[in-house]
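Got your viewer open? Let's take a walk through this one, a few selections at a time.

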Amino acid sequence: MAASLVRIFSKSCRQISRPWGASRAAWRSRSTNPAADVSSDQAAGGVSFPPLQTYSEEESMMREAVKKYAQERIAPFVSKMDENSTMDEEVIKSLFEQGLMGIEIDPEYNGTGSTFFASILVIEELAKVDPSVAVLCDIQNTLINTLFAELGTTAQKEQYLSRLTTDMVGSFCLSEAESGSDAFSLKTRADKHKDYYIINGSKLWISNAEHAGVFLVMANVDPSSGYKGITCFIVDRDTEGLEICKKENKLGLRASSTCPLNFDNVKVPEKNILGQIGQGYKYAIGMLNGGRIGIAAQMVGLAQGCFDNTIPYTRQRVQFGKRLFDFQGMQHQIAHVATQIEAGRLLTYNAARLKEAGRPFIKEACMAKYFTAEVATLTTSKCIEWMGGVGFTKDYPIEKYYRDCKIGTIYEGTTNVQLSTMAKLIDKEYDS
Amino acid sequence: MSGRVLVGVKRVIDYAVKIRVKPDNSGVVTDGVKHSMNPFCEIAVEEAVKLKEKKFIKEVVAVSCGPQQAQETIRTALAMGADRGIHVEVTGKDYDTLGPLQVSKIFAALAKKEDAQLLILGKQAIDDDCNQTGQMTAALLDWPQGTFASEVSLEGDKIKVVREIDGGLETIKINTPAVLTADLRLNTPRYATLPNIMKAKKKKIAQVKPADLGVDITSRLEVLRVDEPPQRLAGVTVETVDDLVAKLKESGTI
């Protein structure tokens, strides 16, 4: 045991660029044999606690590739997509071509076969350029693909996963007009008949709906048992009775389509149930725990992208004979914001690494999402101030980041819900 | 014919970086500076991969000469579609003085060792702008060369190359094996997609030393001094042609 640990640790100090691959196994064994670990750690003299900003070679390569791709193939479309409130088809197609829509999915289904952390890095890089594109990628990877990969039967995976990684966008349908934060009081019903269900109801605030080919619909098969009747149904876009209504005219994230859906006697075969009947609530919570980290990554990217677009201006613009950046008041504000972004990033990366390591991560994920949404709001607001008048115009990208950030405190669990969840967990920590 | 293509890829300072000269004028600052694959080498890799996709050739081997970090450049080539890589280890002082002549000797030796049908290089590197390696390698191997290629097509055992020259475009037909150097308009390099980056991890990179190939890499050149170009001064607007002539006479230009 000790010998293999020594090997792992000395490997990690020779290949500093890939410590996580080696030490991920080491983490798990550390918790079972603490005494042995410390001595062999010292014996090897290895670096076994690399900083959070340590990436495996493939993670670095992916980040570079996505950065380049986003600059060249998404950046030119951003302002037009925001203006017209429409995601360009070319952009969606190129997301699939680059393998960004199936990051964790097995190559057997045309996926990239990479890790959750890689998805987080991708979402962060995309959000630096356009948070709307980032959210499309985030929902596909952290919600839709994960649900199919973990709960799908072989037949369902074969039918849907290869398409989700190649050309089909998915939508996650939970919220309704009368149930947002109180998600489990949803009213959409699924009534059983022989070997199929009839779904009736409506959903609201459904992202990606304009382009989605498949919808994961949470409906209640047995309202008398409350949330324990919620079941996840796979509904194809062209199913009769499914109506995708006009998208919302939003303040921000405008390129991401957000539509109401109506279900009017939508017939769904029994085999289209994803997972078990009545377990839908559990799946939703489980997926949203991870999805939360994705949103945190989006907010970090948004803040960083806004910041990166602002600082060059402050270094260039001269007033009273010096650069804006040289005024101490500006320097202090800039340093403060940079610190907040860094803190948000570390919370996000740590939550992602905890999830990958199979350790409890819910509190950290909530912290990451809550904190980064606040940071995004602060950063974008400050950036407009630093840019002065031009920050207030649409000629510069800053105002778009300001409009886009607000949704971070609202969707995939409002800030208040995050805080309450954290508090409950903290309360439990002091139980013993 | 082996159906094997060797592609040379060079790790250079990224084109977007602002270059700074070292305080001792011995060279430019490279520590901590962003490096990437030479853009013309990217075009060379893309052409090789395209030829493989069209089934004209069977294997693309990416080659780079340099220290450990050169492997990153090879990995990028692998992520673009090359099948395997060869890293020729050159470090320290040797790397600082490594130039086209030594690299050509290395490539010539590898081309023979790997029984290559084709050697594709970028026309020049953006750090030294030498534009010599392709030509020297062809001479050492006594192979025909198609340099500044903006269009390449394989026709049987010959290659048709359209070259960008000062006067316009020149079309030549050369025998294989041959050396080609890629010019800007030959193609648009593809992005490394995420699945390909993952696949690249499994591809092999062999390590060799120049001595293993029987190549002597001592340099015949010594860099004496590196200076920044003179600062470009602001211009002056003149009102009339007479003013212009007067100013030119004043500055001693005419």
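Turn first to the loop between β9 (168–175) and β10 (178–182) of chain B, where you'll find B:P177. Show the backbone here: the peptide bond running from B:T176 to B:P177 is cis, its omega near -5 degrees. Keep in mind throughout that you are looking at a predicted model.

**Stop two: another loop in chain B**

Now select B:D142, in the loop between α5 (133–141) and β7 (145–155) of chain B. B:D142 isn't a glycine, yet has a positive phi of about 60 degrees. Is B:D142 buried or exposed? Switch on a surface and check: B:D142 has a relative accessible area of 70%, so it counts as exposed.

**Stop three: a covered strand**

Stay with chain B and pick strand β1 (residues 4–8). Of its 5 residues, 4 are buried, so this strand is mostly covered. Which strands does β1(B) pair with? Color strand β4 (residues 59–66) of chain B: it runs parallel to β1(B), and 5 bridges join the two. Then color strand β6 (residues 118–122) of chain B, also parallel to β1(B) and joined to it by 3 bridges. For landmarks, find B:R4, which stands opposite B:E59 in β4(B), and B:V5, whose bridge partner in β6(B) is B:L118.

**Stop four: where the chains meet**

Show both chains and look at the interface. How many residues are in contact? Chain A puts in 21 and chain B 13. The area buried between chain A and chain B is about 1,400 Å², with carbon and sulfur atoms giving 65% of that. Highlight A:E58, A:M61 and A:Q98: together they supply 37% of what chain A buries against chain B, more than any other three residues.

Next, go hunting for charges. There are 4 salt bridges between chain A and chain B. One to draw is between the side chains of B:R75 and A:E57, at 3.1 Å from N to O. Helix α4 (residues 57–73) of chain A gives the largest share of chain A's side of this interface, 11 residues. Color that side by class and you get 8 nonpolar, 6 polar and 7 charged residues.

**Stop five: helix α6 of chain A**

Select helix α6, residues 89–97 of chain A. Its buried residues are A:V91, A:I92, A:S94, A:L95 and A:F96. What covers them? Among the elements to switch on are α4, α5 (78–84), α7 (116–129), α8 (131–151), α9 (154–166) and β1 (169–173), each in chain A.

Have a look at both ends, too. A:D88 caps the N-terminal end of α6(A), with a side-chain oxygen 2.8 Å from the backbone nitrogen of A:E90. After the helix comes A:G99, whose phi is positive, near 80 degrees.

**Stop six: a serine in strand β1 of chain A**

Click on A:S171, in strand β1 of chain A. With a relative accessible area of 0%, A:S171 is buried, because the cut-off is under 20%. Who are its neighbours? Leaving out residues up to four places away in sequence, A:S171 touches A:I144, A:I206, A:S207, A:N208, A:A209, A:A212, A:V214, A:F215 and A:L216.

Draw two distances from that side chain. One goes to the backbone oxygen of A:S207, which the side chain reaches at 2.6 Å. The other runs from a polar atom of the A:S171 side chain to the backbone nitrogen of A:A209, 3.4 Å away.

While you have chain A up, select A:W205 in strand β3 (residues 196–207). A:W205 is not a glycine, but its phi is positive, about 65 degrees.

**Last stop: helix α11, then zoom out**

Move on to A:A351 in helix α11 (residues 328–356) of chain A. A:A351 is buried, at 0% relative accessibility. Beyond its neighbours within four places in sequence, A:A351 is in contact with A:I293, A:F361, A:E364 and A:A365. Now draw a line to A:V390: 39 residues along the chain, with 37 Å between the C-alpha atoms.

Finally, zoom out to all of chain A. Its secondary structure comes to 14 helices and 10 strands, and 53% of its 432 residues are buried. Among its contacts between residues at least 6 apart in sequence, 73% join residues at least 24 apart.

Conventions. Residues are numbered from 1 along each chain as its sequence is written. Chains are lettered from A and ligands numbered from 1 in the order in which they are written. Side-chain values use heavy atoms; hydrogens and water are left out. Contact means heavy atoms within 4.5 Å. Buried area is the accessible area (1.4 Å probe) that two parts lose on being put together, summed over both. Ala, Val, Leu, Ile, Met, Phe, Trp, Tyr, Cys and Pro count as nonpolar, Asp, Glu, Lys and Arg as charged, and the others, Gly among them, as polar. Buried means under 20% relative accessible area, exposed over 50%, partly exposed in between (1.4 Å probe, protein chains only). Two strands pair if DSSP finds at least two bridges between them. A polar contact is a pair of N or O atoms within 3.5 Å; within protein, one must be able to donate a hydrogen and the other to accept it, and residues adjacent in sequence count only if both atoms are side-chain atoms.
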